[in-house]
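Visitor: Got a minute to walk me through this one? I'd like to start with the cysteines and then move on to the pockets and strands.

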Amino acid sequence: PSGPSRMPSRNITPPPPNTSTHTLILALCSGALLWPAAGVALRALRRRLCSWAAALHPSGQSERGCIKASGAHDPGSVDLFGTVSTDAAKLGSEEMNTLLVPNPRGGPQLSSFSSNIKDLGASPSGTKTPRRFVCLVLDLQNEYEAYLQHTVSGANAVLAAFRKRGQPVVWTNWSRVFAESHLYSAVDRYYGPRGIANKTNPVYIWSDGGNITLPPLAPIDDSERSRVIESNHLSKFADLDGSGREILYPMLKAWGVDTIVLLGSWTDDCIAATAFDAVDRYGFDVLLVTDAVATATPHGEKMVECIGAAICTPVTSADVASYLDAAPSDMVLPPTAPLHGSVYLSYDRHVCTRSRHS
């Protein structure tokens, strides 16, 4: 009713508040309201902390005031065989085996290089190099079957040799599907939107079962199937699991791998990207099986020539099979973890975690 209350006035003392409950409610409400601002503030704080750290640790700068790259935590700066210094001491005064060719643009002659890994069992100076191998079978899958027939025989020979010696094999399958949420990148922008309606855009898999390995080359048991990566990246080292963990690199390190035998498709995309990462970023030796790689473009052979003269040692499937068949057990070392894909979860050192929203 309007007007003054007719009830007699009484001094009523409210019950004491439940402090913990009130605090929790206030925290939740303020968090819900301030979370976006808190995220911005945290990112700004992180940038400020990085600046402070750089100021406090000038060892990150060179004498010229530039940012100096360090090998302290860099897996690509580790000599896995411990032979570089020895080889340099014995052979460093000799001339390189370099082919000089005319420069079509004028100027100095150009140099054509080739791999110095001539003997898998020894370094250039003769130091024994026992190896732990892995075979990476990249994207030899149903979607590209028409382009892959010439690879099957060579790939099978390599797979048979690896299975016989108990060396690990990892399969990848290109698995990008158009309209899958939040999986678009610079690759999509490069190839563009055309070819989506008629299912010819090569960025995506269009056929049912298109991202399954060709039957003659497919995994044959549960252990092998656990080592299949459904991939979203050209470099297979770039794929992350749902928690943001790298998959391939920690898997290889858990097995103690130092040498990658690389085959698959496409030569001018996934093969090249994976090879460059393997050698430069992670420090592995890479053998490129030239009769077991393929592509759907006219650039495949040029790419084989390019990476074979830059980072990979070109070999044939017969070369790999004969070496694994003949090498003694002290030269082909067993893996240091079970042959199961889940071992990637057990290796933490030097493993990067990347966040899409960082």
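Guide: Sure. A disulfide here is a pair of cysteine sulfur atoms within 2.5 Å. Before we go on: this is a predicted model, where local features need pLDDT of at least 70 and side-chain atom pairs count only at pLDDT 80 or more, while totals for chains, interfaces and linings use all residues. Residues are numbered from 1 along each chain as its sequence is written, and side-chain values use heavy atoms, with hydrogens and water left out.

Visitor: Okay, how many disulfides does that rule give?

Guide: The count comes to zero disulfides.

Visitor: Why does C306 have no bond to C312?

Guide: Because the closest cysteine sulfur to that of C306, the one in C312, is 9.6 Å away, which is too far for a bond.

Visitor: And is C306 buried, exposed or partly exposed?

Guide: The cut-offs are under 20% relative accessible area for buried, over 50% for exposed, and partly exposed in between, with a 1.4 Å probe and protein chains only. C306 comes out at 40%, so it counts as partly exposed. C270, on the other hand, is buried at 4%.

Visitor: Switching to pockets. What's the volume of the largest pocket?

Guide: About 1,100 Å³. The search runs on a 1 Å grid over the protein atoms alone: a pocket is an open set of points with protein on both sides within 12 Å along at least five of seven lines, a cavity is a set where a 1.4 Å probe fits but cannot get out, and lining residues have an atom within 4 Å of a point. Points are joined across faces, edges and corners, and the volume is the space filled by probe spheres set on them.

Visitor: Which residues lie nearest the centre of the largest pocket?

Guide: D87, S115, N116, I117 and P124, out of 37 lining residues. The elements that give two or more residues to that lining are α2 (84-91) and β7 (285-294), and α2 gives the most, with four. Those labels are DSSP runs numbered from the N terminus: helices are H or I with at least four residues, strands are E with at least two.

Visitor: What's the lining of the largest pocket like by class?

Guide: It has 18 nonpolar, eleven polar and eight charged residues. In that scheme Ala, Val, Leu, Ile, Met, Phe, Trp, Tyr, Cys and Pro are nonpolar, Asp, Glu, Lys and Arg are charged, and the others, Gly among them, are polar.

Visitor: How many cavities of 30 Å³ or more are there?

Guide: Two. The largest cavity has a volume of about 130 Å³, and its lining includes D139, W174, S265, W266 and C270. α5 and α8 are the elements that give two or more residues to that lining. By class, it has nine nonpolar, one polar and two charged residues.

Visitor: And what lines the second largest cavity?

Guide: L120, F133, F162, V261, L287, V320, Y323 and L324. That makes eight nonpolar residues, no polar and no charged. Its volume is about 40 Å³, and helix α10 (residues 317-326) gives the most to the lining, with three residues.

Visitor: Back to W266 for a second. What kind of peptide bond joins S265 and W266?

Guide: A cis one, with omega about -20 degrees. W266 sits in the loop between β6 (259-265) and α8 (267-281).

Visitor: And what's the phi of D139?

Guide: Near 60 degrees, so to speak on the positive side, in a residue other than glycine. D139 is in the loop between β3 and α3 (145-148), and is buried at 2% relative accessible area. K199 also isn't a glycine and has a positive phi of about 60 degrees, but K199 counts as exposed, at 52%.

Visitor: Strands now. How many residues of β4 are buried?

Guide: Six of six, over residues 169-174. V169, W171 and N173 point one way, while V170, T172 and W174 point the other way.

Visitor: In what sense does β4 pair with β3?

Guide: Parallel, over four bridges; strands pair if DSSP finds at least two bridges between them. C135 stands opposite V169 there. β4 and β5 (residues 228-231) also pair in the parallel sense over four bridges, with V228 as the bridge partner of W171.
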